[in-house]
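The following exercises are to be solved with the sequence and the structure side by side. Each task is followed by a solution in steps.

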Amino acid sequence: TINSSGSICRNFIRSVAIDKYGNIWAGTYASGINKLDKEKNIFINYRNDPNNANSLSNNFVSSIFTDSNGELWIGTGGGGLNKYDPSSDKFKSFKNDESDLNSISSNFVNSISEESHGILLIATQNGLNKFDKSTGKFERIRINHEDKLKNENISAFIKDRSGVIWLSSYNDGLYKMQFTPDKFKNILSGNNTKCIYEDGSGRLW
């Protein structure tokens, strides 16, 4: 569902990003996603329409990310991952399928980042996923190999100035990620970490 009333639909904003055209996108707690059209200077609101498979999959927008190719990705709280197609003004959703291990591990997405061109990192309430855009398949990455039954609720990512990716966890604190092979070093074990920030001196907070 698209609403072009001109004003932002709700003041409770969860995430913000700028697309390759300079438009500002703002995700809300329960009212979908807003696009501030740079040319018209109005807000356009996109919401889930149960009768339209090409609408936003869920109105709780937890994260928005523009990748290195300028493609816009939207994480939701219950509707999985969405990709926005500006040419058609439609969304494609990627949801968990319990019978398919190559689907996203959870429909509750907390954060989105990029490992390299063509590979996205998706943090969910049920672990970390790598998403290959060329194949449309997800690879589920275990952080804690010792406890395979443990639920890994990854809250956020940050790629620091040296290219290292850090992950925060609601259950297990802070992790440093190394890619060859996938290895994780636990920095703040047992701490509930919700977000990460790198300051101008390269220090993490």
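A residue is called buried if its relative accessible area is under 20%. The model examined here is a predicted one.

**Exercise 1. Determine the secondary structure content of the protein and the extent of its burial and surface.**

Step 1. The protein has zero helices and 17 strands.

Step 2. Of the 205 residues in the protein, 44% are buried.

Step 3. The exposed surface amounts to about 10,800 Å², and carbon and sulfur atoms contribute 47% of this area.

Step 4. Among contacts with a separation of 6 or more, 41% join residues that lie 24 or more positions apart.

**Exercise 2. Establish the strand order of the sheet that contains S7, and identify its edge strands.**

Step 1. The order is S6-S7-S8-S9, an open sheet of four strands with antiparallel pairing.

Step 2. Strand S6 (61–66) and S9 pair on one side only, and they are therefore the edge strands.

Step 3. On average, neighbouring strands in this sheet are turned by 25° against each other, direction ignored.

Step 4. Within the sheet, four bridges hold S7 and strand S8 (residues 81–85) in an antiparallel pair. Opposite Trp73 stands Lys83 of S8.

**Exercise 3. Classify the ring pair of Trp73 and Phe94, then follow Phe94 to a further partner.**

Step 1. A pair of aromatic rings is described by the distance of the centres and the angle of the planes.

Step 2. A search of the whole structure yields eleven aromatic pairs. For Trp73 and Phe94, the ring centres are 6.2 Å apart and the planes stand at 40°, so this pair is tilted.

Step 3. Trp73 belongs to strand S7 (residues 72–76) and Phe94 to strand S9 (residues 90–94); the pair thus links distant parts of the chain, 21 residues apart.

Step 4. Both Trp73 and Phe94 are buried.

Step 5. Phe94 also pairs with Phe138, at 6.1 Å centre to centre and with 70° between the planes, which is an edge-to-face arrangement. Because Phe94 lies in strand S9 and Phe138 in strand S13, this pair ties together parts 44 residues apart in sequence. Phe138 is buried, as is Phe94.

Step 6. A separate entry for the aromatic residues is the cluster formed by Trp25, Tyr46, Tyr84 and Phe91.

**Exercise 4. Describe the sheet that contains S13 and the pairing of S11 with S12.**

Step 1. Four strands, in the order S10-S11-S12-S13, make up an open sheet with antiparallel pairing.

Step 2. Its edge strands are strand S10 (109–116) and strand S13 (137–141), each of which pairs on one side only.

Step 3. From one strand to the next, the twist averages 25°.

Step 4. Strand S11 (residues 119–124) and strand S12 (residues 127–132) run antiparallel and are joined by six bridges. Ile122 has Asn129 in S12 as its bridge partner.

**Exercise 5. Is Ser111 buried or exposed, and which residues does Ser111 touch?**

Step 1. Ser111 is located in strand S10.

Step 2. The relative accessible area of Ser111 is 11%. The limit for a buried residue is under 20%, so Ser111 is buried.

Step 3. Leaving aside residues up to four places away in sequence, Ser111 touches Ser63, Leu121, Ile122, Ala123, Ser155, Ala156 and Phe157. One of these, Ile122, is the bridge partner of Asn129 in S12.

Terms used: Residues are numbered from 1 along each chain as its sequence is written. This is a predicted model: local features need pLDDT of at least 70, side-chain atom pairs count only at pLDDT 80 or more; totals for chains, interfaces and linings use all residues. Side-chain values use heavy atoms; hydrogens and water are left out. Two strands pair if DSSP finds at least two bridges between them. Helices (H or I, at least four residues) and strands (E, at least two) are DSSP runs, numbered from the N terminus. Axes are lines fitted to C-alpha atoms, for helices over the stretch in contact, and angles run from 0 to 180 degrees between N-to-C directions. Rings of Phe, Tyr and Trp (its six-membered ring) pair if their centres lie within 6.5 Å; planes under 30 degrees apart count as stacked, over 60 as edge-to-face and the rest as tilted. Buried means under 20% relative accessible area, exposed over 50%, partly exposed in between (1.4 Å probe, protein chains only). Contact means heavy atoms within 4.5 Å. Accessible areas come from the Shrake-Rupley method with a 1.4 Å probe; for residues, only the protein chains shown count as cover.
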